[in-house]
Amino acid sequence: MTPYRWLFDRVLVHTDAETAHRVAFRAIRAARPVLAGLDGLAHRRLDRRPSGEAGQPVEAMGLRFPGVLGLAAGFDKNAVGIDALAALGFSFVEVGTVTGEPQPGNPRPRLFRLPADRAVVNRMGFNNDGAEVVAGRLARRAARPLADPSKGTGRRVVLGVNIGKTKLVAEDEAVADYEKSARLLAPYADYLVVNVSSPNTPGLRDLQAVALLRPLLEAVRRAADAAAGRHVPLLVKIAPDLSDDDVLAVADLAVEIGLDGIVATNTTVSRQGLASPETQVSTVGAGGLSGAPLQERSRDVLRLLRERVGPDLTIVSVGGIETPEEGLVRLEAGATLLQAYTGFVYGGPTWPRRFARELARLRARAAA
Amino acid sequence: MTAGRPGPVRVDGEMLAVKRAGGYLHLTMVAPGVAERFRPGSFVALAVGGPLSDRCLRRGFPIYRVRASGAYGGTVEVVARPAEAGTTWLAGLSSGSPVDVLGPLGRPFALPKEPVSCALVGEGHAAAPLFPLAERLRERGCTVHMLLAGADERSLFGTLEARRAARTVQVVTEDGSVGIRGRVVDVLPDLLARGAADVVYASGTFSVLHAAARAAEQAGAWSQTAVPAPDGCGTGLCQGCVLPAVGEDGLTRMVRACTEGPVFRGDRVRWDDVGTVPADTWGAGPEVAR
Amino acid sequence: MTLDDVDLSCAVADLRMPNPVMTAAGCGGGRELAPFLEVPDLGAFVTGSVTLDPCAGTAGQRLVETPSGVLHRTGLQNPGLQGFLTGELPWLAQRGARTVASIAAGTLGEYAELARRIGNSPGVRAVEVNLDLASREAPGRRLGEDPYLAGKVVAVVRREVPRGIPVLAKLVWQPGLVDLARAVVKEGADAVVVSGQVPGTALDRSTLTPSVSAGAVSGPAVHAIAVHGVWQVHTAMPDVPVVGVGGVRTGWDALELLLAGACAVQVGTAALLDPGAPARVVEELRVELGAQGIESVARAVGAAHGQGVSR
């Protein structure tokens, strides 16, 4: 009888966990489709899936969103809670804003509630771990295709990554800073958003001027697509404080350069028409205001954009969406997708699911 | 793939198809990452009951086949017999349903380095993992003989496929409805004598594995036995699937079928003592806990 | 409130952790979970209970699924003190895991030796005393059901374990829970681990005899028992750190225990189905706190008592 050792290949069982991890990472990245990819088998399979509690799936930018409601950028700046947020009922989660370099943001306190207005004022100032660290976190997530079995849909969440400019980077080096983030983060992003509309980074909003915006978006797109080895849907996020003419100029640019979509709108620097006492508002001080007071302007910008860009471009409407009724208004005004932040802050962890369910019912009634 | 066994993954897979295969069900699932790591003998553990399930343990199935194909990652196939609520639930899934897959788990079959003669013994649907094994063996130039056993015709699995997979195929049923009437223990020694097998690979119930291990020993062959894929966690946490096995140091230990198995050397398992903790086991004694 | 403002850091006596999610004793030795999570990312890793001598565990069936739970009786299979110190602990220490060593014995002498050897081993950050055992010195009595015996065990363990290494006394919910908790704290326990686990027996449908007898039921079925027990102990001794364990599957389950008064939680049975569960609970807890507008674990602990949570 041949000795066992000579006859058989050695079976290694206790692979070092780290090695296993690395192997797992490579294999998953190789095997893992862009989860929401539309082409081929997955598309047909998904089509047979009954529309779930997230409501009707949405196809946009070559991606499939399980429902219309997403979480706006700013809540999960460092990509630490994507799947848990999805588990609360968000169909897509936009992490960030991430900047090229890590930065601490402004001193605390930097986030304030104005409950009388169902509003929030923030002057966070892009506090985040920086593109490199966030990319590492997303890579680890990609390597571990985990989801909670009790949440079924966990892994189908669409991941957006919102990128902005590092505060200390000079304006003439802004493009390189955005490019760095795009290069590092695009491989893990289902879509990418260029944030040029936060009021809390000096000079950032100037980048909305078409003359500056065009080269920026084109550079980001090149960097993102090259790094990811595929086309990464690219959107721009704009401020509600732009004049109507400036909004239209961005719309024209988007169409001209073949952008995939526009996220409208960011927070406002305006403090008009607030119910909160003047003293409270002035104590809070500078920052971007979000929530219900933003509702009207956000709606107007949406209508302006949709009318200008035609039916095909993706518009993500955000700003003052807290009730499902408002959600329906936005969809009817031409929004492809919806995002919320302040509504979630006030509504708590059960809000996304309630909103999605109720909105689905309103839509069914409206369609009937 | 680097050397060694890469770790298992947990994926939100999708049921592609549930088909009848004789008295069994043949489940095909999309499970990216599992197929790429598969080696014959490893198994998957499936969660059952869906999103609101109150079922806290997984169900283990030896892997029948994988296809590491397409842009969506590979598919994994298993053969099941719906015997309890969990497997019945799996069997009732429609195509496209989400299914939570953990795998590939466990120690696979060891493969001979030389082009030797191998006898593969499978009982019922436990024969499933022998088919990918046969393929690997043939790639290595081994001669493959198969013995498929079951209580009756309906409980046999893979008799047609076996003709392609093996040079010779023998079928044995307890009621004699197909092939030879009898059990593995009745025909295997003869088969080994004629085929002069160097290695016996077996998958089935403990009694069949015991018979295979003993026959191999008597014929001077090595045996690789795959115990039933355990239900539970599949990862070694729950310690629910232990059996007594003798280590290289001659000491008996309680080893986990999910991590130290499910494939064991047939000459290492203390078949007569499965289900017990033999008195000479390392650490045997009065139970501490209760 | 954003997720980055959520402060998950916490402490169980001198055991400082980046987040309050620990494994429950019995989730292997660390290697089993490693393919699915980073063990050092957990608040702490609690080892399977270590006995002085190797222990082969229970014969026969050890595990059966029950409605929303698992009935188990493994008999504390473990490699023994020597096996733990040479095999499992170095692996955990090398990876920087915060290791809480669970110890189990039948006599005070054994507890003392385990406590001395383990408490002085580099890499061990705390000792958890498993009291869910029969006493060999007081036949017919169980350590964890008798305030005198439980207190004695804790006293000898506390004496042997160096200062700065907290001793956690693990108790299973029972009518006398609060008295037991008082007894172990009086004898030096730095924290009390309150488990919702309950005894159970299941019969086999074909043999009509027990499949698992006199085991323990854990899992979601007992979560509310754990919340209740944590609530009771926190009410009786608001200054004593309590760790809650029982049926934690989600971030909300963890927060529930924190609000009831636990300063940390343990995840056990959920890891059998989902080996990534302990890490997932960390992430979900962060999101749950963020979405609730609660900025730190410290603010959540015990907040359900009295005034409610300050946001």
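**Exercise 1. A cis bond in chain B**

In which loop of chain B is Pro262(B) found? Place the residue, then describe the peptide bond before it.

*Solution.* This is a predicted model. Step one: find the flanking elements. Pro262(B) sits in the loop between strand S14 (252-256) and strand S15 (263-265) of chain B. Step two: look at the bond. Gly261(B) and Pro262(B) are joined by a cis peptide bond, with omega about 5 degrees. Step three: set this against the general rule. Most peptide bonds are trans.

**Exercise 2. A cis bond in chain A**

Which residue is joined to Thr97(A) by a cis peptide bond? Name the element that holds Thr97(A) as well.

*Solution.* Start with the bond. The partner is Gly96(A), and omega is about 10 degrees. Now the element. Thr97(A) belongs to strand S4 (residues 92-99) of chain A.

**Exercise 3. Positive phi values**

Find where Met61(A) lies, and decide: is it buried or exposed? Then do the same for Gln239(B).

*Solution.* Take Met61(A) first. Its phi is near 55 degrees, a positive value in a residue other than glycine. The residue lies in the loop between strand S1 (58-60) and strand S2 (63-65) of chain A. Now count neighbours. The cut-off for a buried residue is 20 or more other C-beta atoms within 10 Å. Met61(A) has 25 C-beta neighbours inside 10 Å, so it counts as buried.

Turn to Gln239(B). Its phi is also positive, near 55 degrees. Gln239(B) is in the loop between strand S12 (222-226) and strand S13 (242-246) of chain B. With 25 other C-beta atoms within 10 Å, Gln239(B) is buried.

**Exercise 4. A loop residue and its distant partners**

Which residues does Asp241(A) contact, leaving aside its neighbours within four places in sequence?

*Solution.* First, locate the residue. Asp241(A) is in the loop between strand S9 (234-238) and helix H8 (244-257) of chain A. Second, list the partners. They are Thr268(A), Val269(A) and Ser270(A). Third, check one of the distances. Asp241(A) and Thr268(A) are 27 residues apart in sequence, yet 6.1 Å apart in space, C-alpha to C-alpha. Last, judge the exposure. Asp241(A) has 19 C-beta neighbours inside 10 Å, so it counts as partly exposed.

**Exercise 5. Overall form of chain C**

How many helices and strands does chain C have? Go on to test its size against that of a compact globule.

*Solution.* Chain C has nine helices and 14 strands. Its C-alpha atoms fill a box of roughly 55 × 50 × 40 Å along the principal axes. A compact globule of 311 residues would have a radius of gyration near 19 Å; chain C has 18 Å, so the two agree. Now look inside. Buried residues are 65% of the 311 in chain C. Of the contacts in chain C with a separation of 6 or more, 68% join residues 24 or more positions apart.

**Exercise 6. Strands and sheets**

What is the strand order in the open sheet of four strands in chain C? Then examine strand S11 of chain A.

*Solution.* The order is S5-S6-S12-S11 in chain C, with antiparallel pairing. The edge strands are S5 (63-66) and S11 (198-203), each pairing on one side only. The twist averages 35 degrees from one strand to the next. Next, take one pair. Strand S6 (residues 69-72) and strand S12 (residues 210-218) of chain C are joined by three bridges. There, His72(C) stands opposite Ala216(C).

In chain A, strand S11 (residues 288-291) is covered on both faces. Gly288(A) and Ser290(A) are buried on one side, Leu289(A) and Gly291(A) on the other. S11(A) pairs antiparallel with strand S6 (residues 119-122) of chain A over four bridges. Ala119(A) stands opposite Gly291(A).

**Exercise 7. Core and interfaces**

Which residues touch the most other members of the largest nonpolar core? Follow chain C from that core to its partner chains.

*Solution.* Leu185(A) and Val127(C) do, in a core of 316 residues. Helix H8 (residues 277-292) of chain C gives the most to this core, with eight residues. Now the contact of chain C with chain A. It takes 23 residues from chain C and 26 from chain A. H8(C) gives the most to the chain C side, with nine residues. Finally, chain B. Here 30 residues of chain B are in contact with 40 of chain C. The chain B side has 14 nonpolar, 10 polar and six charged residues.

Technical notes. Residues numbered from 1 in each chain as written. Chains lettered and ligands numbered in written order. Predicted model: local features only at pLDDT ≥ 70, side-chain atom pairs only at ≥ 80, totals over all residues. Contact = placed C-beta atoms within 7 Å. Nonpolar A, V, L, I, M, F, W, Y, C, P; charged D, E, K, R; others polar. Helix = DSSP H or I, 4+ residues; strand = E, 2+ residues; numbered from the N terminus. Rg over C-alpha atoms; globule rule 2.2 N^0.38 Å. Buried ≥ 20, exposed ≤ 12 C-beta atoms within 10 Å, placed from the backbone. Core = buried A, V, L, I, M, F, W, Y, C linked by C-beta atoms within 7 Å. Pairing = 2+ DSSP bridges. Axes fitted to C-alpha atoms, helices over the stretch in contact; angles between N-to-C directions.
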